[in-house]
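Q: I would like to learn how to read cysteines and empty space in a model. Can we go through it feature by feature?

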Amino acid sequence: MALAVTANRITLKVFMTATSLHSAPEKSLKEKAREEFIKAFELTIYFGVWFCALAFLAATSLDERPIPLSIFGFALFKGAICAKFMLVAQAFFPITVDKKNGIVNSLIIESLVYLAVVIGLNYLEAGVSGLIHGKEFLSSMMNFGKSDPLRIVAMSIVYWLIVWPYLLFVGMGLMLGSHATIQILFGEKSKTTK
């Protein structure tokens with residue numbers, strides 16, 4: 001009799017746990033769209049700051065005076081495009097972290113996959129841009145990076161160096177939780193009492 005009661009309690013406990021796991025409220029379409037918009041905005045700012053810094057470096061390296069402000073607008077636009085490409089890559093290859101291998105080992109291959117997707121989509125963008133401007137798709141696509149393999153390798157290294165910290169941040173968020181990651185990086189917000 002005691003065995004039957006214990007078995008019923010275990011069954012009830014397993015059922016309640018399974019029910020509570022599956023009864024988490026689903027996010028509405030509006031909430032999901034808001035989260036995606038925020039993620040896209042954050043990524044756009046992240047990439048935009050990088051590209052603005054690189055544009056500023058290029059302008060000062062070429063001794064351009066005065067420095068045209070249009071390069072920063074283009075850099076922000078490029079940041080938005082790269083953010084879009086990164087989100088597309090994440091949709092097909094979600095970021096995953098294996099706790100056994102740690103963040104760096106888990107994400108090194110994924111970072112190369114994301115890099116390949118971003119570079120591939122940049123090629124595609126060059127082809128579509130060529131079509132819009134009345135040129136052939138393939139020749140425009142092959143003109144990406146001014147058809148210079150060394151330039152494409154250099155761009156790939158820079159893109160990887162830009163993407164890598166973002167992936168590490170996301171990996172930390174997956175391993176530790178978003179709140180803990182922000183608390184580790186930026187400190188704990190002081191609670192004001194009135």
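Q: How many disulfides does a search of the whole structure find?
A: A disulfide covalently bonds the sulfur atoms of two cysteines. This is a predicted model. Searching the whole structure turns up zero disulfides.

Q: Is cysteine 52 buried or exposed?
A: Cysteine 52 has a relative accessible area of 17%, so it is buried, the cut-off being under 20%.

Q: And cysteine 82, buried or exposed?
A: Cysteine 82 is buried too, because its relative accessibility is 2%.

Q: Now the empty space. What is the volume of the largest pocket?
A: Empty space shows up when a probe the size of a water molecule is rolled over the atoms. Here the largest pocket has a volume of about 970 Å³. It is lined by 27 residues, and the closest to its centre are Phe74, Lys78, Arg151, Met155 and Tyr159.

Q: Which elements give two or more residues to that lining?
A: Four helices do: H2 (29-61), H3 (70-92), H4 (102-132) and H6 (149-176). H3 gives the most, six residues.

Q: How do the residues of the lining of the largest pocket divide into nonpolar, polar and charged?
A: The lining of the largest pocket has 17 nonpolar, five polar and five charged residues.

Q: How much space lies in the second largest pocket?
A: The second largest pocket holds about 820 Å³. Its lining has 23 residues, and Lys39, Glu42, Tyr166, Phe169 and Val170 are the closest to its centre. H2, H3, H6 and helix H7 (178-186) each give two or more residues to this lining.

Q: Which element gives the most to the lining of the second largest pocket?
A: H2 does, with seven residues. By class, this lining splits into 15 nonpolar, four polar and four charged residues.

Q: What about closed space: how many cavities of 30 Å³ or more does the search find?
A: The search of the whole structure finds one cavity of 30 Å³ or more. The largest cavity contains about 40 Å³ of space.

Q: Which residues line the largest cavity?
A: Phe47, Phe51, Cys82, Val118, Tyr159, Ile162 and Val163 line it. H2 and H6 are the elements that give two or more residues to this lining. H6 gives the most, with three.

Q: How do the residues of the cavity lining divide by class?
A: Seven are nonpolar, with no polar and no charged residues in the lining of the largest cavity. Cys82, listed in that lining, is the buried cysteine at 2% relative accessibility.

Note on methods
Residues numbered from 1 in each chain as written. Predicted model: local features only at pLDDT ≥ 70, side-chain atom pairs only at ≥ 80, totals over all residues. Heavy atoms only, no water. Disulfide = S-S within 2.5 Å. Buried < 20%, exposed > 50% of the residue type's maximum accessible area, 1.4 Å probe, protein only. 1 Å grid on protein atoms, 1.4 Å probe; cavity = no way out; pocket = protein on both sides within 12 Å on 5 of 7 lines; lining within 4 Å. Points joined across faces, edges and corners; volume = space filled by probe spheres on them. Nonpolar A, V, L, I, M, F, W, Y, C, P; charged D, E, K, R; others polar.
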